[in-house]
Amino acid sequence: MFPEHRPRRLRGTAALRRLVSETTVRPRHLILPMFVADGLAEPRPISSMPGVVQHTRDSLRKAAVDAVQAGVGGLMLFGVPRTHDPQGSGATDPEGVLNVALADLRAELGDDTVVMADTCLDEFTDHGHCGVLDAEGRVDNDATLRRYAEMAVAQAEAGAHVLGPSGMMDGQVGTIRQALDQAGHTDVGILAYSAKYASAFYGPFREAVGSQLAGDRKSYQQDPANAREALREIELDLAEGADAIMVKPALSYLDVLADAAELSTVPVAAYQVSGEYAMIEAAVANGWLERERTVVEVLTSLRRAGADMVLTYWAADAARWLG
Ligand code: PBG
């Protein structure tokens, strides 16, 4: 027994624990992903994500104002169009659901929050891939970049403060940066989904956006077995002008997140994805986990591993819990 070695001394009272607590999670660290669907009369629940809905334009505005009042740091918007085609035309149409909803949010919220948009084609294509296909049915990287450039400009014109290219095409950050600058949108930022893995945890998202995908995304998203590749992707995105980078999913990629935080010269985000949400909600529904304690513990872990900000479907709830 060595009486001088008593780490428990610092855990004895709530005041001591508060004094030595290293990691904070504040509402401003949290970004709420939201879905807006074309042609709905009322919000439609997403069964695999209890508590999350596809919004109408109206309910989106209200939920966004509530989230901002709760203190969230930003909103990330996904669009669910009524019709799909091979090019994902709805993504670049100024009257497309995502673009009109972005304009709604800016009209409602101005600069009170950071309005972000998912810059990716998968919600809009009839084959469900994140890009356009070549004659052999493979995702055509460079043809997709041309579509991303158009989509980025449409989203900037609609009023997005920050774009989130999530398709993992090579060169997407540089292409989007150049297109934005040429169109005069030098102030619009890029939150690059730099290290995005081909993950089973995106399962419930397919329902959330009514995805048409038949195959998988392994030819463009990363292999969960690889960590080094994430560092290469991050370096490229930084060189291409990313204003912030992201690791996705979050909870089973804490090592990648910690490496990213060490390497990055810009803020680092972690995306706690649909399956991570569903997993905890399912356990809560069974009475097996306590929602608030569990969610705050995971968010704290993501911050401890190095995330400056976290995209989470609990953002508004957690902002209220954390006050
Ligand atoms: C692609 C995109 C996906 C998610 C965010 N952006 C789906 C995918 O890559 O298959 C998943 C988010 C989640 O699961 O919560 N536009």
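How many cavities of 30 Å³ or more does the structure hold? The structure holds two. A cavity is a set of points on a 1 Å grid over the protein atoms alone where a 1.4 Å probe fits but cannot get out, and its lining residues have an atom within 4 Å of a point. Volume is the space filled by probe spheres set on the points, which are joined across faces, edges and corners.

This is a predicted model, where local features need pLDDT of at least 70 and side-chain atom pairs count only at pLDDT 80 or more, while totals for chains, interfaces and linings use all residues. Residues are numbered from 1 along each chain as its sequence is written, and side-chain values use heavy atoms, leaving out hydrogens and water.

**View 1. The largest cavity encloses about 120 Å³ of space.** Its lining has 15 residues, and closest to the centre are Asp122, Lys196, Phe205, Arg217 and Lys248. By class, the lining has six nonpolar, two polar and seven charged residues (nonpolar: Ala, Val, Leu, Ile, Met, Phe, Trp, Tyr, Cys and Pro; charged: Asp, Glu, Lys and Arg; polar: the others, Gly among them).

**View 2. The second largest cavity has a volume of about 30 Å³.** Look for Tyr202, Phe205, Lys248, Tyr271, Val273, Ser274 and Tyr313, which line this cavity. Five of these lining residues are nonpolar, one is polar and one is charged.

**View 3. Val114 and its contacts.** Val114 touches Gly73, Gly74, Leu75, His161 and Val162 (heavy atoms within 4.5 Å), not counting residues up to four places away in sequence. Pro50 lies 64 residues from Val114 in sequence and 25 Å away in space, C-alpha to C-alpha.

Key:
1 Å grid on protein atoms, 1.4 Å probe; cavity = no way out; pocket = protein on both sides within 12 Å on 5 of 7 lines; lining within 4 Å.
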